[in-house]
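Colleague: I'd like to learn how to read a structure feature by feature. Could you walk me through this one, with the general idea first and then the case at hand?

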Amino acid sequence: MHDPPQSSLCSKRNSFTVNLWKNCKRQETFKMSMENGLFICRKKFNDNLFGVFFGQNPLKSSFPLVLLELTFLICVSRVVRLLLKPFGQPKVISEIINMGLIGFMYFLFISGVKMDIFAVRKADKKHWYIALVGVMGPLCCSIAVAFSWRKSMDTKMVKASSIWGITSSLAMTAFPVLYPIMKELNLLSSEIGRVALSIAVIGDVIGMNGVVIFEASKQGEGKPIAALWYIVSLTVVLASIFGGVRQFMIWIIRTTPVGKPVDQVYVIALLLGVFVVAFVADMLGLAVANGPLWLGLAVPDGPPLGAILVEKSETIITNIFMPFSYMYVGMITDLSSMSGHWYHLQPLLYVVLTGYIMKMVFTLIAARFLDMTIRDSLTLSLIMSLRGEIEFLLFIHWVDFKMVGVPEFTLLVLLTVSVTAVAAPLISILHDPTRPYMLNTRRTIQHTAPNNELHIVACIDEEENLYGLMKLLELFNPTASTPISVHALRLIELVGRANPVFIDHETEEDKGAEGCRFSSLHNALKIFAEARGDYVRILSYTAITPKRSMHQDICELALSKQACLIIVPIPQRIMDNMAGTPARKSASQSLSSNVLKHAPCSVGVLVSKKEYPNLVSGLRSSMHHFILLFLGGADSREALSYADRAAGCPDTSLTVVRFLSHENEGDIEMEKKLDDQLVTSFWVKNEANERVVYREAVVKNGEETMAVIHAMNDECYDLWIVGRNHVNPVLLQGLSNWTEISELGVVGEYIASADFSSSASVLVVQQQILRGQKRNSGSLVGRFLLNEYWNKVMHI
């Protein structure tokens, strides 16, 4: 008899069956079972290291599974070894480190570096009231629910110290959790964001006292002396960190030259110090995560020390260490463990739900009682309900204390993830940080009476923009009847701290180092204003804020000062490198782009092409020459209104070139009437002024428009002015529909580019967009190749 094929069906009986069985036994490659009277032969596999090539699952065998786990362990340890090698750590350290715990340790350290607990001294009373009501209300309610369900609780949670630990954590909103979520939602510089951060800091200060009470009572359950030892150890460690280590860090800052980075030796020493304080805190029973948090709080926030610590470590902590921490939480979480434990889980569920719901309710009531709108009150209550890393760390700590088991831990993790997953999108829906900036009232140069003071917000993100800005302000022609008030805002990227800072240099002269670091720039502006007499008033401010939310500070200042124009600079190097990577261009232009979208008034985007000396004196020249390109539409009308104001200056010559389409093709009747009205008024006013020249150019397409502009480059101008968007598509017809810098529009980009040989600065103007107003962008933009027949379309 031949050997049967693999997985064949053997249905013979009697002697044939016996012979088949013997054959299978002899071959030791098949096994046989009987189902419904039928004998089935199947292949029998032996455990084999290379069994995966024969259809086996290697993870069902012990030896391949051990090899896989060993491989994973080696890979992880090698990665840790690579990360710690710059710190001079031996290989053994990378072998024994718990990656999940390290992530939480450094997360708390960096959060402490960014956090300024001394800000509670400057917090508004309103914030204190909301914080206290938002903590005490849910705490009392959740304690009441816990004691009412105490008989059904597990024996591990029934103790008073355990109930206090759980209920107090439900009443708090941790600043380290709140900050990254609000940063992601771009709320840091908004009014609601500043209030939430202030309340969170107050809540954390209260929460730290609650943690001390919990730890002391928990450790003193068996031996009262242990509670005393905890308090003594805590006092010694805090005194050492804030009295000794902090003074050392202040010395580092004092000995670091102004404008220079902190020595790398100190940075490495402090980062390694996280391990030291964690070890000491854990050895003394203070919890391993508390030490890094206290060390971070001791670091003076902001530059130079706090900034470089965050810069050197935040990326690796967020992208490398923290995923291991979340993995660590996931390893403990076990959904199947909750089965059959509902009797003991039910009280915990009610306590947690009560805490979370009451946190929202009491925060909402307190905020509404203190005259916040219903929308803002609800948004604030949702923000204060956010949960995350700190809660996970507390849950792990409770597991170590044997307060909760795996079923309770799993329930807590699920509830924490759920409340944040629900609250975060609701916050985005309820609160638009740019909503207050869109107005229904006109705030433009065109609609400002000539004899009224002109309020301007001038942004300075780099010192090289200062001279170009002052040159532009010079052209505003400030006189006794047309004074200007300039609100100069210095923009600094927020690094090394969490709370954005806004400094009014007129009212905070004595703010110390924080207010003095940018004094040289503001002193230059003061000298400029003094040289112009009483006609120019310059007020200086500094905003230290994330790049993503810088436009919010700009728009907020323009809104509060009733400005009619915001001036935003674009560095000339952006124009010189328009072939750069999209990421680089996007980061550099996001400020001007966001301001153009959300400004409560008109906006002027300034490109300063000249290399100006760093001198305030010498700004005045014998004559300023500038040219306005009028292509029609609201933006061109706003640009002409600025030029009209500047034309009154005796040291200024102005050339206005109006572009008209051949046979009025593509014109919008209403827009054309508005253009004609303003141009006629301008020409009647300046007809006798020899320093003002008005020309018209009739063109058939975009190529002819560019030819006219190219022809004007023969003149020597100090400034080109143009509207950003244009309503008649014929004037730009035939130009490619892609752009390098959309903030400048078609014409503005070309004049500001390196292809245009003029060294004059460029001001691109966009008139205020009212709430609900739709603007025809006219954004046919691109790079242009011009022909030689420009003279055919030009006439005076």
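Modeller: Gladly. Let's begin with rings: those of Phe, Tyr and Trp (its six-membered ring) pair if their centres lie within 6.5 Å, and planes over 60 degrees apart count as edge-to-face. Keep in mind that this is a predicted model. Searching the whole structure turns up 13 aromatic pairs.

Colleague: What is the geometry of the aromatic pair formed by Tyr106 and Phe109?

Modeller: Tyr106 and Phe109 are edge-to-face, with 6.4 Å centre to centre and 90 degrees between the planes. Both residues are buried.

Colleague: Why are Tyr106 and Phe109 separated by about one helical turn?

Modeller: Because they are 3 residues apart in helix H4 (residues 99-114). Elsewhere, ring pairs link up into a cluster made of Phe392, Phe395, Trp398 and Phe409.

Colleague: Now the interior. Which residues have the most contacts inside the largest nonpolar core?

Modeller: Phe109, Leu380 and Ile383 do, in a core of 112 residues. Helix H8 (residues 191-219) gives the most to this core, with 10 residues. Apart from it lies another core, of 50 residues, including Ala563 and Val762.

Colleague: Leaving aside neighbours within four places in sequence, what is Phe109 in contact with?

Modeller: Its contacts are Leu271, Val274, Pro292, Leu295, Gly296, Val299 and Leu309. So Phe109 appears both in the edge-to-face pair and among the residues with the most contacts inside the largest core, a useful link between two ways of reading the model.

Colleague: How would I read a single helix, say H6?

Modeller: Compare its span with the expected one, then ask how much of it is covered. Helix H6 (residues 160-171) has 12 residues and reaches 17 Å from its first C-alpha to its last, close to the 16 Å expected at 1.5 Å a residue. H6 is mostly covered, as 10 of its 12 residues are buried. Among the buried ones are Ser161, Ile163, Gly165 and Leu170.

Colleague: What covers the buried residues of H6?

Modeller: The cover includes helix H5 (125-148), H8, helix H13 (342-369) and helix H15 (389-400). H8 is also the helix that gives the most to the largest core.

Colleague: Do polar side chains deserve a look too? Which helix holds Thr420, and is Thr420 buried or exposed?

Modeller: They do. Thr420 sits in helix H16 (residues 406-430). Because its relative accessible area is 16%, under the 20% cut-off, Thr420 counts as buried. Not counting residues up to four places away in sequence, it touches Ile181, Leu386, Arg387 and Pro425.

Ser381, in helix H14 (residues 374-383), is another case: its relative accessibility is 0%, so Ser381 counts as buried. Ser381 and Met360 are 21 residues apart in sequence, yet 4.7 Å apart in space, C-alpha to C-alpha. Leaving aside neighbours within four places, Ser381 is in contact with Met360, Thr363 and Leu364.

Colleague: And strands? How many residues of strand E11 (residues 652-661) are buried?

Modeller: With a strand, check both faces and then its partners. In E11, 10 of the 10 residues are buried, so the strand is largely enclosed by the rest of the structure. Both faces are covered: one side includes Leu654 and Val656, the other includes Val657 and Phe659.

Colleague: Which strands pair with E11?

Modeller: Strand E10 (residues 624-630) pairs with E11 in the parallel sense over 7 bridges, and Leu629 has Val657 as its bridge partner. Strand E12 (residues 692-699) also runs parallel to E11, joined by 8 bridges, with Val656 opposite Tyr694.

The connections complete the picture. E10, helix H23 (residues 634-646) and E11 make a right-handed β-α-β unit. E11, helix H24 (residues 669-686) and E12 make a right-handed β-α-β unit as well.

Colleague: Last, the backbone. What should I look for in phi?

Modeller: Most residues other than glycine have a negative phi. Asp371 has a positive value, near 70 degrees, and lies in the loop between H13 and H14. Asp371 is exposed, with a relative accessible area of 70%.

Colleague: Where is Gln562 found, and what is its phi?

Modeller: Gln562 is in the loop between helix H20 (550-560) and strand E8 (565-569). Its phi is positive, about 55 degrees, although Gln562 is not a glycine. At 54% relative accessible area, Gln562 is exposed.

Note on methods
Residues are numbered from 1 along each chain as its sequence is written. This is a predicted model: local features need pLDDT of at least 70, side-chain atom pairs count only at pLDDT 80 or more; totals for chains, interfaces and linings use all residues. Side-chain values use heavy atoms; hydrogens and water are left out. Rings of Phe, Tyr and Trp (its six-membered ring) pair if their centres lie within 6.5 Å; planes under 30 degrees apart count as stacked, over 60 as edge-to-face and the rest as tilted. Helices (H or I, at least four residues) and strands (E, at least two) are DSSP runs, numbered from the N terminus. Buried means under 20% relative accessible area, exposed over 50%, partly exposed in between (1.4 Å probe, protein chains only). Contact means heavy atoms within 4.5 Å. Two strands pair if DSSP finds at least two bridges between them. A crossover is right-handed if, with the strands pointing away from the viewer, the path from the first strand over the helix to the second runs clockwise. A nonpolar core is a set of buried Ala, Val, Leu, Ile, Met, Phe, Trp, Tyr and Cys residues joined through side-chain atoms within 4.5 Å. The expected span of a helix is 1.5 Å times one less than its number of residues.
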